[in-house]
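I opened the model to look up a few local features. My notes follow in the order in which I took them.

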Amino acid sequence: MAEPLLQVDNLSKNFGGIRASDALSLEVVRGELHAVIGPNGAGKTTLISQLTGLLHPDAGAIRFDGQDITQVPAYQRSLLGLARSFQITSLFLDLSVLDNVLLAVQAHQGHSFHFWKNARRDRDLRDPAMAALKRVGLTERAMQPAFRLNHGDHRQLELAMALAANPRLLLLDEPMAGMGPEQSARMVEMLRALKGEVTILLVEHDMEAVFALADRITVLVYGRVIATGTPQEIRANAQVREAYLGEQEATHG
Amino acid sequence: MIRKLNLRAVVIATLLAALLLLPLYTSLTGDRFALTLFTRIVILALAAVSLNLALGYGGMVSFGHAAFLGIGGYAVGILSYEGVGSGFVQWPIALGASALFALVIGALSLRTRGVYFIMIPLAFAQMAYYIASGLARYGGDDGLTLQNRSSFAGLINPSNKVQFYYLCLALLLGSIYLVWRLTNSRFGLAVQGARSNDTRMRAIGFPTYRYKLACFVISGTLCGLAGILLANNTDFVSPAIMFWTRSGDLIVMVVLGGMGSLFGPLFGAVALLFLEEALSRITEYWQILLGPLLLLVVLFARGGIDGLLKGARRG
């Protein structure tokens, strides 16, 4: 198998006495959708924050495409091709939907001291932005102010902004959070379409979605990896059942 | 929707036509007062356009923009007093001084947030006010009378009222065009993104501080230009030009006209100065009438006059 796109080695992070990451290791293979699951407080968000550079690990290393990025600051990681969608949507609400995505594209095209040329007509910005909006099905709402969209569409717009940066690895932090069943189903469809094109690390509570989408699943408990494998392997893993999936899932599965 | 849109276009076209034809009207009727009033309106509209760039597009509530009026005005006044009458020398120096002052105020104030951001430009403006009051050589409190308006080697004669009016109008329209280009550029998009959600902007890799600072400097320089014109218009400059209430007037114009709208500051300046004229004929205490009117605008017409003209498009 080729070299993994993301390699996490023995990552450790303590908050006071709590081990949020405990010698955590995992590998994300190119082209796969890799899901991370675990009960509340398992350290999933801490892991994502260390991957994006918002938190710095106490020990361990993160390698992205062969390069050690453990000490690389957040904004540079985003320039390297690591894009993140936020768990809590953080959009430019009073700007248009298109402007939101334009800014995400613009962030990756060098400095913005261009004072004269119309950015909204600049094909270098507009084409990738419109392509990203098309991906998530928001083309027709491009000119509306972002505050007009509903919660589900806000999440889609978040995803479009992450995609617009042309990432090599997409980190999705609970993209279905707060969504109704219909919106969740739409998001699952979209992620299925994205699969294979871009490597995805998905942190998600919605088990149905995770087992439907993931090529590989890593289970975290108290900051430690207790199992990694295909959905079938994880379903069959006794330790996982005991720690996490519980009786309910076991009987269904 | 289309009709509403046209209403706005019609109002803008009418206003611009009126501004362009005004000298014709005054020469036919001999109404010199109208020309004086409108020159003033045009100059203050330019100041409001400059403030709108920082306040409306950049979200920087500068409660000290009148300082730039003073710096532009005093640069012209002092140079003229010292025997430098050429506009080709006066104006670049005045603009440079405004830009430098904006750079200093912006660099300090943009490190702070919220009410502190408002206080720092205000403090600097008041400081400039008191420094000007203390300049005994240049008239101190009483101000400084310009011996001559800026001269442009015979190209334009600012002492001719009609020529000066057109000069001001051309600069106003030029600055509106400049703001239009700026706000639609990548730079403008970055500035508006920073206004909308600064944290997110930094998270996706924008060093927002430098874009906001650049925006503030451009805004301050444009306001300095308005100061140059104001001093030339009245042949006089005094500390009162940068008193804090004057900064307040500029904010009122921007809010009244519509923050972050291209023609809003022009609407605001025309409306405010007209109201001032009209209401002060009714009563000496015209501000008592103006206050509630502004309150209504803030409460019921968030987008100001421009927002009302756009009408149904938003609501």
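**Backbone entries**

I began with Asn166(A), which I found in the loop between α5 and β7 (169–173) of chain A. The model is predicted, so I kept to local features with pLDDT of at least 70. Asn166(A) is not a glycine, yet I read a positive phi of about 55° for it. I noted that most residues other than glycine have a negative phi. I then looked up the accessibility of Asn166(A): its relative accessible area is 64%, so it is exposed.

I went on to Asp65(A), another residue that is not a glycine but has a positive phi, of about 55°. I placed Asp65(A) in the loop between β4 (59–64) and β5 (67–68) of chain A. Its relative accessible area is 29%, so I logged Asp65(A) as partly exposed.

I also checked Gly53(A), which comes just after α1(A) and takes a positive phi of about 95°.

**Helix α1(A)**

How many of the nine residues of α1(A) are buried? I counted eight, and I entered the helix as mostly covered. Among the buried residues of α1(A) I listed Lys44(A), Thr46(A), Leu47(A) and Gln50(A).

**Second largest pocket**

I looked up the volume of the second largest pocket and got about 450 Å³. I noted that α1 (44–52), α2 (74–80), β6 (82–85) and α5 (151–164) of chain A, together with α8 (198–203) of chain B, are the elements that give two or more residues to its lining. The largest share, four residues, comes from α2(A).

I then listed the lining of this pocket, which has 24 residues. Ala74(A), Ser78(A), Ala203(B), Ile204(B) and Gly205(B) lie nearest the pocket centre. Sorted by class, the lining has 16 nonpolar, four polar and four charged residues.

Where does the second largest pocket lie with respect to domain 1 and domain 2 of chain A? I found that domain 1 (1–81 + 167–253) and domain 2 (94–166) both give residues to the lining, so the pocket lies between them.

**Aromatic rings**

I counted aromatic pairs over all chains and the structure holds 21. I took Phe38(B) and Phe274(B) as one of them: this pair is edge-to-face, with 5.7 Å centre to centre and 70° between the planes. Phe38(B) is in helix α2 (residues 32–57) of chain B and Phe274(B) is in helix α11 (residues 264–282) of chain B, so the pair ties together parts that are 236 residues apart in sequence. Phe38(B) has 14% relative accessibility and counts as buried, whereas Phe274(B), with a relative accessible area of 38%, is partly exposed.

I next looked at Tyr129(B) and Tyr130(B), an edge-to-face aromatic pair with 5.0 Å centre to centre and 85° between the planes. Is each ring's residue buried or exposed? Tyr129(B) counts as buried at 16% relative accessibility, and Tyr130(B) counts as exposed at 53%.

I also logged one aromatic cluster, formed by Phe113(A), Phe115(A), Phe187(B), Phe206(B) and Tyr211(B).

**Charges over rings**

I noted Arg235(A) over the face of Phe211(A), at 4.3 Å from the ring centre. In chain B, I found the charged end of Arg149(B) over the ring of Phe164(B), 4.8 Å from its centre.

Methods
Residues are numbered from 1 along each chain as its sequence is written. Chains are lettered from A and ligands numbered from 1 in the order in which they are written. This is a predicted model: local features need pLDDT of at least 70, side-chain atom pairs count only at pLDDT 80 or more; totals for chains, interfaces and linings use all residues. Side-chain values use heavy atoms; hydrogens and water are left out. On a 1 Å grid over the protein atoms alone, a cavity is a set of points where a 1.4 Å probe fits but cannot get out, and a pocket is an open set with protein on both sides within 12 Å along at least five of seven lines; lining residues have an atom within 4 Å of a point. Grid points are joined across faces, edges and corners, and a volume is the space filled by probe spheres set on the points. Ala, Val, Leu, Ile, Met, Phe, Trp, Tyr, Cys and Pro count as nonpolar, Asp, Glu, Lys and Arg as charged, and the others, Gly among them, as polar. Domain bounds come from an automatic or database domain assignment. Buried means under 20% relative accessible area, exposed over 50%, partly exposed in between (1.4 Å probe, protein chains only). Rings of Phe, Tyr and Trp (its six-membered ring) pair if their centres lie within 6.5 Å; planes under 30 degrees apart count as stacked, over 60 as edge-to-face and the rest as tilted. A charge sits over a ring if NZ of Lys or CZ of Arg is within 6 Å of the ring centre and within 35 degrees of the ring normal.
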